[in-house]
Structure formats: structure tokens, C-alpha cells
Amino acid sequence: MGKRARSRSDAGEGGSSGEAEPQYLKGPFGFQRRKRIPFSERERLGHEAPGSVLRGPPITVGCECGESAELRYGTRWTCPGCGRSYDTAKIPREDYEKIRKLQFRYRLLPIVVGAVAISLAVFFTLSGNIFAVFVLLPSVLVLWFMLLRPPHRRGFQKAISDLPTWDLRADS
Ligand SMILES: [Zn+2]
């Protein structure tokens, strides 16, 4: 009956051929060579990567073969030991947001303590009470390390352990 000529050109999406970017180069023996990362994107040495407070804590990915790595949310990682690759973007965004907010909340206390101590020191200095500054600063340090920090750390560790862990599957 009514023969409809379907436009076939809609089916084939033209122009997507340039999409596949060569992320990993296959080596001669089936090893996957990691893509060279530009210097600016490389993980910096040190305790914490800059910007991790606002961008969120790193995600620890443990491979089935025993290797592990700390990744930023949304990055991919290919295990150097066995070649499995993992994609942290598979973690639900809102779950990761919870962790990010939690970490940020617990970062606030040391910042507030420090800010209060500095403003008190400035206040005492300006009011000519230098002696009070010499008493204040050590007592703030003692107060922080002896009284505030241990329960603060325990609270953070407990809050973190209540959060879910994810079972990231290798993309194979
Ligand atoms: Zn592995």
C-alpha cells in the first residue's frame, strides 16, 4: 500500500567519525601503554593535590589484581599491572557530592579555629597587649591538638565510614 520512502540519511550519523580519541595505545604484546599526561594535569606530589578541598577528595580505586590508585572524580584509570580500566564517572554524582560536602564541612573547623586565633592575636597586638599574644598562640595550639582535633578526627572518620563504597567494575 502506501510505500513510504524513509530517509536513510537520518540513521547514519555523519560527522561522528572524529570522535574516538586514541586514549590508550596498544603495545606490541597486548600491553596497554598509558597516554602521556600533560605536565599541568599530572598529579602533584605532596599530601594533597591543590584544589582537592573544593573539587573533592580523591577516589581510591583498588584493582582486582591488587594495584590501587587515587583518582579524581570523573577520570579514567588503566591498571598498570593488568590493563583493566576503570571509569570513576560511573559513580553516581550525588553520592560523590555527599562525600565532598562532608569533607568540606570537616575542613571548616580548623579554618575557623585558625581564623579566630589570628584575629585575637591581631586584636591583642593592636591593643598593645603583646604578652597576651604570647600566651594565646601556644594555648590555641594546645587546645587544638589536645582537645579539639582528636574528637574532630574521630567524627570525620566515623562519618566517612558510614558512607557507601562503590563496586566499580572494570570496563574490560
Ligand atoms: Zn589490575
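Is Leu-102 buried, exposed or partly exposed, and how many C-beta neighbours does Leu-102 have inside 10 Å? The legends below take up this question together with other close-up views of the predicted model.

**Figure 1. Surroundings of Leu-102 in helix α2.** Leu-102 counts as partly exposed because it has 16 C-beta neighbours inside 10 Å, whereas a buried residue requires 20 or more other C-beta atoms within that distance. When neighbours within four places in sequence are left aside, Leu-102 is in contact with Ala-159 and Ile-160, and both of these partners are among the α3 residues that meet α2. Gly-56 stands 46 residues from Leu-102 along the chain, and the C-alpha atoms of the two are separated by 9.7 Å.

**Figure 2. Packing of helix α2 against helix α3.** Helix α2 spans residues 93–126 and helix α3 spans residues 130–162; their axes lie 10 Å apart, at an angle of about 175°. That angle makes α2 roughly antiparallel to α3, since angles over 145 degrees are counted in this way. By class, the contact comprises 19 nonpolar residues, 2 polar residues and no charged residues. The α2 side includes Leu-102, Tyr-106, Leu-109, Val-113 and Phe-124. On the α3 side, the participants include Ile-130, Val-140, Trp-144, Leu-148, His-152 and Phe-156.

**Figure 3. Surroundings of Leu-148 in helix α3.** Leu-148 is partly exposed because 14 other C-beta atoms lie within 10 Å. Outside the four nearest places in sequence, its contacts are with Val-113 and Leu-143. Val-113 belongs to α2 and takes part in the meeting of that helix with α3. Along the chain, Val-113 and Leu-148 are 35 residues apart, while their C-alpha atoms are separated by 9.6 Å.

**Figure 4. The largest nonpolar core.** This core has 6 residues in all: Ile-59, Val-61, Cys-63, Trp-77, Cys-79 and Tyr-86. Of the 172 residues of the chain, 4% count as buried. Beyond four places in sequence, Val-61 touches Ser-68, Ala-69, Leu-71, Trp-77, Tyr-86, Thr-88 and Leu-168. Trp-77 and Tyr-86, which appear among these partners, are also members of the core.

**Figure 5. Glu-67 in the loop between β3 and β4.** The loop that holds Glu-67 joins the strands at 59–62 and 68–71. Glu-67 counts as partly exposed because 14 C-beta neighbours lie inside 10 Å. With residues up to four places away excluded, Glu-67 touches Cys-79, Pro-80 and Gly-81; Cys-79 is one of the residues of the largest nonpolar core. Cys-82 is 15 residues from Glu-67 in sequence, and the C-alpha atoms of this pair are 8.7 Å apart in space.

**Figure 6. Chain organisation and confidence of the prediction.** The secondary structure comes to 3 helices and 6 strands, arranged along the sequence in the pattern β-β-α-β-β-β-β-α-α. Among contacts between residues at least 6 apart in sequence, 37% join residues at least 24 apart. The mean pLDDT of the chain is 76, and 67% of the residues reach 70 or more. Strand β5 (residues 76–78) has the highest mean pLDDT among the elements, 92, and strand β1 (residues 25–26) the lowest, 48. Over residues 1–23 pLDDT stays under 50, and the model has 1 contact beyond four places in sequence for this stretch. Over residues 42–46 pLDDT likewise stays under 50, with 4 such contacts.

Note on methods:
Residues are numbered from 1 along each chain as its sequence is written. This is a predicted model: local features need pLDDT of at least 70, side-chain atom pairs count only at pLDDT 80 or more; totals for chains, interfaces and linings use all residues. Axes are lines fitted to C-alpha atoms, for helices over the stretch in contact, and angles run from 0 to 180 degrees between N-to-C directions. Helices (H or I, at least four residues) and strands (E, at least two) are DSSP runs, numbered from the N terminus. Angles under 35 degrees count as roughly parallel, over 145 as roughly antiparallel, 65 to 115 as roughly perpendicular and the rest as oblique. Two residues are in contact if their C-beta atoms, placed from the backbone, lie within 7 Å. Ala, Val, Leu, Ile, Met, Phe, Trp, Tyr, Cys and Pro count as nonpolar, Asp, Glu, Lys and Arg as charged, and the others, Gly among them, as polar. A nonpolar core is a set of buried Ala, Val, Leu, Ile, Met, Phe, Trp, Tyr and Cys residues joined through C-beta atoms within 7 Å. A residue is buried if 20 or more other C-beta atoms lie within 10 Å of its own, exposed if 12 or fewer, and partly exposed in between; C-beta atoms are placed from the backbone. pLDDT is the predictor's confidence in each residue, from 0 to 100.
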